[in-house]
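Trainee: Could we go through this structure together, with each term set against its definition before we draw a conclusion?
Mentor: Gladly; let us look at the structure before we begin.

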Amino acid sequence: MSSGNNGGTNGSGGKPSPRISIVIPVYNEEAILHAAVVDLRERLKPLEWNYEIVLAENGSRDATVEIAEELAGKYHEVRYFSFGQPNYGGALRRGIEEARGEIVLCDEIDLCDTDFHQRAVDFLTGGGVDMVIGSKLLQGSADERPMARHAASIFYNGLLRATLGFQGTDTHGLKAFVRAKLLPIARACVVEKDVFASEFVIRAYRAGLVVREIPVRVKEKRPPSINLAKRVPNVLKSLAKLTWAIRVRG
């Protein structure tokens, strides 16, 4: 896997491909990236998984790329690439495409929820489930983010229900899926940035795949890297494009 300066390559040394890929988009995360990855590796050890961590860097202006390169050089499980511009959805989609595992876990660097990872993998390997969503809004969840962030999630989910007939409770954040089943869905998506995750989940439902939501506890390690108010215009524009694409084009 390569970045703009070919710094993301991390050879497997002849080892078989990992069974599980953990894809984490990162943007301006120099403050927590190293500690979060080290902590994630430690908490995954008891599970004895054959896994990889794919850091999907996108347009950082701080030392995130250098730290990702250092981590990839130090730990054989870690790979990274640079998407080249601030684009969460674009980086996430490329991470899904480049993931080598049969199962893909999409995480956030300020969450790294191994409890969700384990539960999701159990559902996916048990048969009959194609995708697992870690919902912040499902009964039994614990959303410990600031009230404005929680309210924004509720409002956004309402928009998805009103415009696209979404029947779930969450599309952003933690998700896991069988890569072979969901890769064509990711490639069919027409929007990127913040709304890609919503389109990805909604198209999975519309394709008749089996999607299961499970409650999660969300407690962020730092404030959002992008101001919530600044995201709104782009989100609304992308949502309008997505509504047209799905409602009109199908």
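Mentor: Let us begin with Ala176, which touches Val104, Leu105, Phe116, Ala120, Leu124, Asp130, Met131 and Val132, not counting residues up to four places away in sequence; here a contact means heavy atoms within 4.5 Å. Please keep in mind that this is a predicted model, in which local features need pLDDT of at least 70 and side-chain atom pairs count only at pLDDT 80 or more, whereas totals for chains, interfaces and linings use all residues. Residues are numbered from 1 along each chain as its sequence is written, and side-chain values use heavy atoms, with hydrogens and water left out.

Trainee: Why is Ala176 called buried?
Mentor: A residue is buried under 20% relative accessible area, exposed over 50%, and partly exposed in between, using a 1.4 Å probe and protein chains only. Ala176 has a relative accessible area of 0%, and therefore counts as buried. This residue lies in strand β7, and its C-alpha atom is separated by 6.6 Å from that of Ile133, although the two are 43 residues apart along the chain.

Trainee: What makes β7 a strand that pairs with β4?
Mentor: Strands (E, at least two residues) and helices (H or I, at least four) are DSSP runs, numbered from the N terminus, and two strands pair if DSSP finds at least two bridges between them. Strand β4 (residues 103-106) and strand β7 (residues 175-178) have four bridges, in the antiparallel sense, and in one of them Ile103 has Val178 of β7 as its bridge partner.

Trainee: In what order do the strands of the open sheet lie?
Mentor: The seven strands follow the order β3-β2-β1-β4-β7-β5-β8, with mixed pairing. The edge strands are β3 (78-82) and β8 (211-215), since each pairs on one side only. From one strand to the next, the twist averages 20 degrees. In general, strands of a sheet pair through backbone hydrogen bonds, either parallel or antiparallel.

Trainee: How do you know that β1 is largely enclosed by the rest of the structure?
Mentor: Seven of the seven residues of β1 are buried, so the strand is largely enclosed. On one side there are Ile20, Ile22, Ile24 and Val26, on the other Ser21, Val23 and Pro25, and both faces are covered. Strand β1 runs parallel to β2, joined by seven bridges, and the partner of Ile20 in β2 is Tyr51.

Trainee: Which strands does helix α2 lie across?
Mentor: Helix α2 (residues 64-74) lies across β1 (20-26), β2 (51-57) and β3, and runs at about 150 degrees to β3. For such an angle, the axes are lines fitted to C-alpha atoms, for helices over the stretch in contact, and the value runs from 0 to 180 degrees between N-to-C directions.

Trainee: What makes helix α7 mostly covered?
Mentor: Nine of the eleven residues of α7 (residues 196-206) are buried, among them Phe196, Phe200 and Arg203. Just after this helix, Gly208 takes a positive phi of about 85 degrees.

Trainee: Why is the pair Lys136 and Asp170 called a salt bridge?
Mentor: A salt bridge needs a side-chain nitrogen of Lys or Arg within 4 Å of a carboxyl oxygen of Asp or Glu. The side chains of Lys136 and Asp170 meet at 2.8 Å, N to O, and the pair is a salt bridge. The partners are 34 residues apart, Lys136 in the loop between β5 (131-135) and β6 (142-143), and Asp170 in the loop between α5 (147-164) and β7. Lys136 counts as buried at 10% relative accessibility, and Asp170 does at 7%.

Trainee: Is Glu42, which pairs with Lys45, buried or partly exposed?
Mentor: Glu42 has a relative accessible area of 41%, and therefore counts as partly exposed. Its closest approach to Lys45 in their salt bridge is 3.1 Å between N and O atoms.

Trainee: How far from Arg179 is the nearest side chain of opposite charge?
Mentor: That side chain, Glu52, is 7.5 Å away, and Arg179 is buried yet has no salt bridge. For charge, Lys and Arg count as positive and Asp and Glu as negative, while His and the chain ends are not counted. Arg179 is found in helix α6 (residues 179-188).
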